[in-house]
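Biologist: I am new to this structure. Please take a close look at one part for me: the place where the two chains meet.

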Amino acid sequence: MSKEPVAVVGIGQTKHVAARRDVSVAGLVREAACRALDDAELTWADIDAVVIGKAPDFFEGVMMPELYLADALGAVGKPMLRVHTAGSVGGSTALVAAGLVAARVHGTVLTLAFEKQSESNAMWGLSLPIPFQQPLLAGAGGFFAPHVRAYMRRSGAPDTVGSLVAYKDRRNALKNPYAHLHEHDITLEKVQASPMLWDPIRYSETCPSSDGACAMILTDRAGAARAPRPPAWMLGGAMRSEPTLFAGKDAVSPQAGRDCAADVYRQAGIADPRREIDAVEMYVPFSWYEPMWLENLGFADEGEGWKLTESGVTELDGDLPVNMSGGVLSTNPIGASGMIRFAEAALQARGQAGEHQVERAGKVLGHAYGGGSQFFSMWLVGARPPES
Amino acid sequence: MPEVLKAPLVVEFPFTRSLGPVQSAFLTGLRERVVLGVRTTDGRTLVPPVEYDPVTADELRDLVEVAPTGTVTTWAWNHAPRRGQPLDTPFAWVLVRLDGADTALLHALDVPGPDAVRTGARVRIRWAAERSGAITDIACFEPYDGEPVRPGGSTGEFADPVTGIVAAARLDYTYTPGRAQTAYLDALAEHRAVGERCPSCRKVYVPPRGACPTCGVATTERVEVGPGGTVTTFCIVNIKAKNLDIEVPYVYAHIALDGADLALHGRIGGIPYDQVRMGLRVEPVWTPGARHPDHYRPTGEPDADYDTYKELL
């Protein structure tokens, strides 16, 4: 028996900001969930199960928050699952929810991911003082900056590329009302003049710390037929993982990322992602990860990804727009960031992305990664249902 | 087998909580010696109040005051109170259904012993002398044999409401780095870097983990590596990290010790930060009493060829 096609019929986000002091965590997730229900014109009674994700519990200090959030998400008396795969969790949460629909376990599933970074300090949560170990000497950006230098060495990319990505994403964010950073006076010169925090990573080339939530309603064919607005259809989805550090790890282009993308393309019948995929929402917390992931995801040959960025291919009006929403560089509620990528890909496929809608969005990739390039999750969504 | 190391690990953080409208009113009420519940769609009163109906998922905002007196619905004796608990002498954990409420609140009951508490016992709130808008504004419950106290008519409107609290959390662990790390640390004490080789893929891990992360087999064969190594990649840190007493800028590098198949991380010194490069040959610099090398400095050897370390970035 073939899988049930999975449709995205409702999407909701909060306006992402540095600190939502006006709401509890429950109030935050509720807001995104209600917007997704409204978008789908459904009520709590229409939801068969809830799948929720967030990054490590230390990020808010609420252990097993899904227990406390069951009331806010109408999950009492229904199955409720919590997913955790570090920064990629928003993506893998959506895929777990999609699996429940594809397997015909449930007809309609609410999936949601969140982070309220203002309640804690993510850097603290990631660098506990483990006895006997040498403390991490460099902070989050310092962990990734040497990989960026390795990419530059391998690809020969000029050191100007990182600023181009940041300038593009921050301008795209101006067209997205939900994005955290709205830098109306952004210029390329300002990005280039921002301080080098972890050389080769500048301040303006790093992501903010945000409070926010993102929710989607996933449903089967019958649910899609009842939907008030065009659905996005899942054409392929996959997760892969590998250790954070191991002998032979390619931190610039991790094998797990390549394998994950290949699996998605196989499911969706994609032979040439550069030609057949119209736009990408990828997880870029530091600007240089755009060219790195373009290669890892097969949109460019090894060492060539930066040329797509430099030549404007990844601009909103380019041939392969990347991070039309402004991306993680403009909005980073960590646990939600992966789901925002997946949801923004679906918004594009539905033609519902508003000012940051791209003209051609027949097939759009949503991508997330987390840990030290340890977890990968991706889905490809389209305007038309998969051919069976 | 040598003794395996262990040490205390304390994880603590002052988490902040944005309360939202319902918890804000509830905690502000406690500050004013008022206990608030919330009315559900089907007319029940939940104390403590919640933001969303556990049955219908409706948003709940209809706050009602309940009495400071109530009835014990069940209890458990706590014979040895721990740090941070409401009382420092033995007490009963009680669930109390306050008069006017349909659900029970968890708190402490101050009685001399387990014989003095029973399900059905009448109790009342003992307010803390100093109140700030926290559950600890209720110091505890105490036995009460008077008439039920009529609740006031508060609906949760207060001047200067509490909108956020700090919830300090602390976890106490005993951490042990395990056999492989202990052996590594013992060797470090003699300024030697000793890793372990995987019997399957032959890769040498420094520090060793006791198992190979790719082959999934135990590693036992000890291999001394270094002391020299190669900077495979790096960044220049220009911002001061909290709790780190290092002058910026400094170089944070991946260093492949000679003979190791995975780079470790360390600081580069003894050379201006802007002259550090991929391929630079370095060696550890020790300071007295330190468990790990303080930093790595150039050896003066010619730079390593990129092809010799490109798999170790």
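Modeller: Here is the side of chain B that touches chain A, followed by the strands around it.

This is a predicted model: local features need pLDDT of at least 70, side-chain atom pairs count only at pLDDT 80 or more, and totals for chains, interfaces and linings use all residues. Residues are numbered from 1 along each chain as its sequence is written, while chains are lettered from A and ligands numbered from 1 in the order in which they are written.

Start with the count. In chain B, 51 residues are in contact with 46 residues of chain A. Contact means that the C-beta atoms of two residues, placed from the backbone, lie within 7 Å. Several elements of chain B each supply at least two residues to this side, among them strand 1 (7-18), helix 1 (20-31), strand 10 (164-175) and strand 14 (229-237). Helices (H or I, at least four residues) and strands (E, at least two) are DSSP runs, numbered from the N terminus. Strand 1 of chain B gives the most, with 8 residues. By class, this side of chain B has 30 nonpolar, 13 polar and 8 charged residues. Nonpolar covers Ala, Val, Leu, Ile, Met, Phe, Trp, Tyr, Cys and Pro; charged covers Asp, Glu, Lys and Arg; the others, Gly among them, are polar.

Now the pairing across the chains. Strand 5 (residues 196-199) of chain A pairs with strand 14 of chain B, in the antiparallel sense, over 2 bridges. Strands pair if DSSP finds at least two bridges between them. A:Trp198 has B:Val237, in strand 14 of chain B, as its bridge partner.
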